[in-house]
Amino acid sequence: MPLTKPNQQLRRDLKEAAALLKWAGVDLMQAAVRLSEAGEEDEAKELLKIAASYQDAEDKLAGYADEVKAGRVVRAQP
C-alpha cells in the first residue's frame, strides 16, 4: 500500500532530520580532532560524546522513517 501524502512528508522530514544530525556530528568530530591536536583533550572528549549522541538520535530517526514506510507509524489527519 503506498504512503499517504502526510506519511510521505513525515518520512521525508525524519530522514532530513537524521541527515542533518549526521553532518552536524561529522562537523563536531572534525572540531574534536582540531581541539585534540591543539592539546585540548577534555574539550575534544566532550565534543566526541555529543557527536555520539547525535549518531544515536540519527539512528532512531532513521528507524522511525523505516516504520513510517512499513506502515507501523501513521500520521493522523489534523
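Ala18 lies in helix α1 of this predicted model, and at 7% relative accessibility the residue counts as buried, because burial is set at under 20%. When residues up to four places away in sequence are not counted, Ala18 touches Glu58, Leu61 and Ala62. One of these partners, Glu58, is found in helix α2, which covers residues 41-70, and thus the surroundings of Ala18 lead from one helix to the other. Towards Val73, which is 55 residues away from Ala18 in sequence, the separation in space is 17 Å from C-alpha to C-alpha.

The protein chain as a whole has two helices and zero strands. Its radius of gyration is 17 Å, well over the 12 Å that the globule rule gives for 78 residues, so the chain is more spread out than a compact globule. Taken along the principal axes, the box filled by the C-alpha atoms is roughly 55 × 20 × 15 Å. Of the 78 residues in the chain, 21% are buried, and the chain exposes about 5,800 Å², of which carbon and sulfur atoms supply 57%. Among the contacts between residues at least 6 apart in sequence, 69% join residues that are at least 24 apart.

The lengths of the two helices can be compared with what their residue counts predict. For α1, with 33 residues at 1.5 Å a residue, the expected span is 48 Å, and the end C-alpha atoms are 48 Å apart, which agrees. For α2, with 30 residues, the expected span is 44 Å, and the end C-alpha atoms are 43 Å apart, which agrees as well. Just after α1, Gly39 takes a positive phi of about 90 degrees, and just after α2, Gly71 takes a positive phi of about 85 degrees.

The buried residues show how the helices are arranged against each other. In α1, the buried residues are Asn7, Leu10, Arg11, Leu14, Ala18, Gly25, Leu28, Ala31 and Ala32, and what covers them includes α2. In α2, the buried residues are Ala44, Leu47, Ala51, Glu58, Leu61, Ala65 and Val68, and these pack against α1, which covers residues 5-37. One of the buried residues of α2, Ala51, has its C-alpha atom 8.6 Å from that of Asp27, although the two residues are 24 apart along the chain. Asp27 has its place in helix α1 and, at 48% relative accessibility, counts as partly exposed, because this value falls between the limits of 20% and 50%.

Two charged residues appear among those that are buried. Arg11, in helix α1, is buried yet has no salt bridge, and the nearest side chain of opposite charge, that of Asp66, is 4.8 Å away. A salt bridge requires the nitrogen and oxygen atoms to be within 4 Å, so the separation of 4.8 Å between Arg11 and Asp66 does not qualify. Leaving aside neighbours within four places in sequence, Arg11 is in contact with Leu3, Ala65, Val68 and Lys69, and of these Ala65 and Val68 are themselves listed among the buried residues of α2. Glu58, in helix α2, is likewise buried without a salt bridge, and the nearest side chain of opposite charge, that of Lys22, is 4.8 Å away. With neighbours within four places in sequence left aside, Glu58 is in contact with Ala18, Leu21 and Lys22.

By the same cut-off, the count comes to one salt bridge. It is formed by Glu46 with Lys49, whose closest N and O atoms are 3.5 Å apart. Both residues lie in helix α2, three residues apart, which is about one turn of the helix. An α-helix has 3.6 residues a turn, so residues three or four places apart point the same way. Side chains of opposite charge can pair when their charged atoms come close. Glu46 counts as partly exposed at 42% relative accessibility, whereas Lys49 is exposed, with a relative accessible area of 56%.

A further acidic residue of helix α2 is Asp56, which at 48% relative accessibility counts as partly exposed. Asp56 and Arg34 are 22 residues apart in sequence, and their C-alpha atoms are 23 Å apart in space.

Notes: Residues are numbered from 1 along each chain as its sequence is written. This is a predicted model: local features need pLDDT of at least 70, side-chain atom pairs count only at pLDDT 80 or more; totals for chains, interfaces and linings use all residues. Side-chain values use heavy atoms; hydrogens and water are left out. Helices (H or I, at least four residues) and strands (E, at least two) are DSSP runs, numbered from the N terminus. Buried means under 20% relative accessible area, exposed over 50%, partly exposed in between (1.4 Å probe, protein chains only). Lys and Arg count as positive and Asp and Glu as negative; His and the chain ends are not counted. Contact means heavy atoms within 4.5 Å. The expected span of a helix is 1.5 Å times one less than its number of residues. The radius of gyration is taken over C-alpha atoms; the globule rule is 2.2 Å times the number of residues to the power 0.38. Accessible areas come from the Shrake-Rupley method with a 1.4 Å probe; for residues, only the protein chains shown count as cover.
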